[in-house]
Amino acid sequence: MGVYGMSHLYQNVSMTLGITIDDAVVETYCNEGVVVLRGVLSIDEIESLRQGIDAVLAHPSPRAKVASQSDDPGFFLEDFCTWRDHAEFDTFIRNTALVPIAAQLMQSRTVRLYHDHVLVKEAGTRQRTPWHQDQPYYDVEGFQNVSFWIPVDPVPIESSLESVAGTHRGPWLMPRTFRDQQAKWFPEGSLAELPDIEADRSAHAIRAWDLERGDVIAFHMLTVHGAAGSAHRRRVFSLRLLGDDMVHAPRHWLCSPDFRAVIPEEDDQRRAGETLDGEWFPLLLG
Ligand SMILES: O=C(O)CCC(=O)C(=O)O
């Protein structure tokens with residue numbers, strides 16, 4: 001069955017839940033691997049996410065990483081898998097309209113949580129988020145997936161998420177560490193390198209938007225994306241969701257996030273080639 005032949009089914013799922021997004025939005029997501037969703041979250045939801053992010057900043061988890069250099073006038077902090085420690089995120093994830101919207105975008109019957117990722121750039125942060133794809137850092141394979149980039153501060157276009165349209169079709173590109181470009185995941189030479197997008201931005205179909213509170217960018221886990229530094233405080237909650245065809249792909253290296261460090265071994269129900277399961281990967285729809 002063709003991707004678009006299925007869309008009415010997923011629209012019906014969303015309509016049952018009182019939420020619809022335009023077919024044109026779904027089509028853009030399928031074709032470009034990135035789309036902006038305007039005003040899909042309420043100010044109450046954004047406020048609750050803001051409180052969760054501020055609690056993460058006050059007490060980062062052991063998984064948190066400083067992604068800026070020590071001489072950066074700002075500060076870039078990332079934290080992962082925070083929803084179990086912060087009720088604001090758990091409540092949001094289980095109730096947000098983004099879940100049925102994800103089903104529509106992914107053309108999927110089911111929606112499952114993979115993880116969340118908090119990304120905060122304090123005012124004056126110079127550190128770029130280098131261009132990259134997310135999926136090569138992960139331990140999942142499949143195509144039906146979506147990440148939602150949810151800022152709780154208004155974001156001007158110059159510090160917003162930027163994505164290269166169409167790159168979700170592949171190929172997989174070499175993942176490297178953000179600060180010093182080390183190959184810690186796939187072995188050197190095993191994947192193609194990213195092109196130098198900054199050297200000739202006009203050669204790439206870059207999509208970016210300024211965002212108000214309540215606006216969200218949806219992007220595929222293979223979409224090449226990045227972001228400049230930020231003159232203003234820019235707090236973001238990124239939510240990673242999986243659809244029907246996504247399966248566990250164990251790696252010989254530590255993935256990001258490193259689930260082996262967060263899920264006690266006896267609770268880890270993931271099996272190679274199978275749908276993720278267990279309390280760390282709750283089914284949100286389906
Ligand atoms: O917020 C950023 O600077 C980058 C976001 C990102 O890479 C992601 O959400 O996957």
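A residue counts as buried under 20% relative accessible area, as exposed over 50%, and as partly exposed in between. Keep that in mind as you work through these exercises on a predicted model.

**Exercise 1. Sort Q181 and C81 by burial, and find where each one lies.**

Start with Q181: its relative accessibility is 42%, so Q181 counts as partly exposed. Its place is the loop between β8 and β9. Now take C81, which has a relative accessible area of 1% and is therefore buried. C81 sits in the loop between β3 and α4.

Next, look at the backbone. Most residues other than glycine have a negative phi. Phi of Q181, however, is positive, near 60°, and phi of C81 is positive too, near 50°.

**Exercise 2. Check whether the overall dimensions of the protein agree or disagree with those of a compact globule.**

First, find the expected value: for 286 residues, a compact globule would have a radius of gyration near 19 Å. Then compare: the protein has 18 Å, which agrees. Along the principal axes, the C-alpha trace spans about 50 × 40 × 40 Å.

Now add burial and contacts. Of the 286 residues, 54% count as buried. Among contacts with a separation of 6 or more, 82% are between residues 24 or more positions apart. Finally, the protein exposes about 12200 Å², and carbon and sulfur atoms supply 51% of that area.

**Exercise 3. Work out how the buried residues of helix α3 are arranged around its axis.**

Begin with the length. Helix α3 covers residues 43–58, and at 1.5 Å a residue these 16 residues should span 22 Å. The end C-alpha atoms are 22 Å apart, so the two values agree.

Then list the buried residues of α3: I46, L49, G52, I53 and V56. Seen down the helix axis, they fall within an arc of 120°, so they line one face. The general pattern helps here: an α-helix has 3.6 residues a turn, so residues three or four places apart point the same way.

Turn to the face away from the buried side, and you find the exposed residues D44 and A58. As for the cover over the buried residues of α3, it includes β3, α4, β4, β7 and β12.

**Exercise 4. Repeat the analysis for helix α4, then follow F92 to its aromatic partner.**

In α4, the buried residues are F89, F92 and I93. Their arc around the axis is only 95°, which puts them on the same side of the helix. A87 and N95 are exposed on the other side. Parts covering the buried residues of α4 include α3, α5 and β14.

Now for the rings. The structure holds eleven aromatic pairs. In one of them, F92 and F237 meet edge-to-face, 6.2 Å centre to centre with 85° between the planes. F92 belongs to helix α4 and F237 to strand β12, so this pair ties together parts 145 residues apart in sequence. Both ends are buried: F92 has a relative accessible area of 6%, and F237 has 0%.

Elsewhere, ring pairs link Y114, Y138, F259 and F281 into a cluster.

**Exercise 5. Locate the cis peptide bonds that join G170 to P171 and S256 to P257.**

Recall that most peptide bonds are trans. Between G170 and P171, omega is about 0°, and the bond is cis. P171 is in the loop between β8 and β9. The bond joining S256 and P257 is also cis, with omega about 0°. P257 is in the loop between β13 and α6.

Methods: Residues numbered from 1 in each chain as written. Predicted model: local features only at pLDDT ≥ 70, side-chain atom pairs only at ≥ 80, totals over all residues. Heavy atoms only, no water. Helix = DSSP H or I, 4+ residues; strand = E, 2+ residues; numbered from the N terminus. Expected span 1.5 Å × (residues − 1). Buried < 20%, exposed > 50% of the residue type's maximum accessible area, 1.4 Å probe, protein only. Arc of directions from axis to C-beta. Contact = heavy atoms within 4.5 Å. Rg over C-alpha atoms; globule rule 2.2 N^0.38 Å. Areas by Shrake-Rupley, 256 points an atom, 1.4 Å probe, with all protein chains shown as cover. Phe/Tyr/Trp six-rings, centres within 6.5 Å; stacked < 30°, edge-to-face > 60°.
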